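Here is a quick tour for the bench. Have a look at the model first, then read on.

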Amino acid sequence: MAPTCPCNIEPVSTLRDLVEEHTSLSGEDLDHLHRLAGDWQLVADLSFADLLLWLPVAESGFLCAAQVRPTTAPTAYHDDMVGKMATGPVVDQLTTAMIERRIWREGDPVWHDGVPARQEAIPVRRGERVIAVVGRVTNLAATRVPSQLELSYLQAADDLCLMVAGGTFPPPPAEEKTASAPRVGDGLVRLNSLGVVTYASPNAQSAYRRLGLAGDLVGEDLATLTRGLATDPLDGGEVCARIQAAVHGEVKGRTEVEARGATVLIRALPLLPDGSPIGALVLVRDVTDVRRRDKALVTKDATIREIHHRVKNNLQTVAALLRLQARRVGTSDARAALEESVRRVASIAMVHETLASSLDETVDFDSIVDRVISMVADVAAPESRVLVRRVGSFGVLSAQIATPLVTVATELVQNAVEHAYGPGQAGEVIVAAHRWRGRLHVRITDDGRGLPEDFELDNSERLGLQIVRTLVTGELNGTLELRPRPEGGTEAVLVVPLIPFR
């Protein structure tokens, strides 16, 4: 409805906020309004009109709680009406529709913001109560001689408005097989009470042509026709059953049918303007290209996971070869160097193992760190009494960050366990992580002997620390500081941007 002098009230962002703040409607009433707002784009497009949801509030006022504009015609409003109160004669129109429980459309066209508009008021019924009113406002500036398509759209819109007033629209929630939804412009088919097509839009006709229909849809039994076109008899039977259910007044949700390499999304809605089924509206959308891209993405994802799986296997093979070589060398220094390489390779293999089972290029890094801690404990000296534990969460990280970061974490934890404590000395190494302002902050602390007095990270000759410094500055674009811990011991402070460095 187009109020003659709308005035603002305190703005709120959602339908739920407005209902809870300004009305005493129940949770079930709110759910009904949410389903209406989720489905009324269909009514707006068929009506070539704006729809406004008016809530009755105190002192015979009406508050606009939601608005939808048509995609098939110019809007009647330049401004958003949500949060505004209806004033003037509009209040009487809404009140009449609500009290008399009927669609009000007796008024003459009015001018709103320089645009001539036709106004209607449709009561929103739930059970035996009218809980709101829908205003249907049509921009008359762009009216022209209606075509068969427009007349069919308007007839369907009128039937749906009668269903809103009768409490049978929106339909009850149904379990959907797909999240997408066809719109009026994608393709519309109208069925009579026998399930025979009385009108099919050009786009609907084109969608069925892609499924293999050679003739015209008008005059065909749509359920039987669709079942005959479907490649898979089971899918065809399901679509047929859903269309027939809609013709008989039931709602079964949307589904898809495939034929001749094409895929069409179908949604059947029953028409119950007087409470009795008179036919159905069937919305169809050709989603062939969308499903083809989906399949290509699934294939690509499967290929990437297989690559990660093979990389993991190859890294584990390399680790096994290094482990065998370590057993054959004669010097302890060479054996220790090879064993360190085994740990580095194994830590990287953990990331690829996780990615091989992931649906995207991200990993839950907490589980990887926990495995690193366990691995370090397994290879520690038998007399070691050092406890390693994680505090906080790394969260989900991209593969580009996780791969170098796991090597850094492994080296720092291993360095703390091996060099901070003497033989048989007890202690605790803590790996703490948190996110703040787009960065990952990691602190690895120990309560051991501390750093040598002349220690400088940039001048360290330890291979592990050199690897860490190179990965942090080169791969992660982060910062690393090794410093004495105030309570005694050492702490390594690592800060890494969560956006991968390129």
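## Overall build

What share of the 502 residues in the chain is buried? Buried residues come to 47%, where buried means under 20% relative accessible area, exposed means over 50%, and partly exposed lies in between (1.4 Å probe, protein chains only). Keep in mind that this is a predicted model, where local features need pLDDT of at least 70, side-chain atom pairs count only at pLDDT 80 or more, and totals for chains, interfaces and linings use all residues. Residues are numbered from 1 along each chain as its sequence is written, and side-chain values use heavy atoms, with hydrogens and water left out.

The C-alpha trace spans about 100 × 60 × 40 Å along its principal axes. The chain's radius of gyration is 34 Å, against a figure near 23 Å for a compact globule of 502 residues; the radius is taken over C-alpha atoms, and the globule rule is 2.2 Å times the number of residues to the power 0.38.

## Folding pattern and surface

The chain has 12 helices and 19 strands. These are DSSP runs numbered from the N terminus: helices are H or I with at least four residues, strands are E with at least two. Take contacts (heavy atoms within 4.5 Å) between residues at least 6 apart in sequence: 64% of them join residues at least 24 apart.

About 24400 Å² of the chain is exposed, with carbon and sulfur atoms supplying 52%. Accessible areas come from the Shrake-Rupley method with a 1.4 Å probe, and for residues only the protein chains shown count as cover.

## Helix H4 and the cysteines

H4 covers residues 148-166, 19 in total, and reaches 27 Å from its first C-alpha to its last, close to the 27 Å expected at 1.5 Å a residue. That expected span is 1.5 Å times one less than the number of residues. Its buried residues include Glu150, Tyr153, Asp159 and Cys161. Glycine 167 follows H4, with a positive phi near 85 degrees.

There are 0 disulfides here, a disulfide being a pair of cysteine sulfur atoms within 2.5 Å. For cysteine 161, the closest cysteine sulfur is in cysteine 64, 16 Å away, so a bond is out of reach. Cysteine 161 is buried at 2% relative accessibility, and cysteine 64 is buried at 0%.

## Leucine 338 in H9

Leucine 338 sits in helix H9 (residues 332-356) and counts as buried at 18% relative accessibility. Beyond its neighbours within four places in sequence, leucine 338 contacts Leu322, Gln325, Ala326 and Val329. Glutamine 325 is 13 residues from leucine 338 along the chain, and their C-alpha atoms are separated by 7.6 Å.
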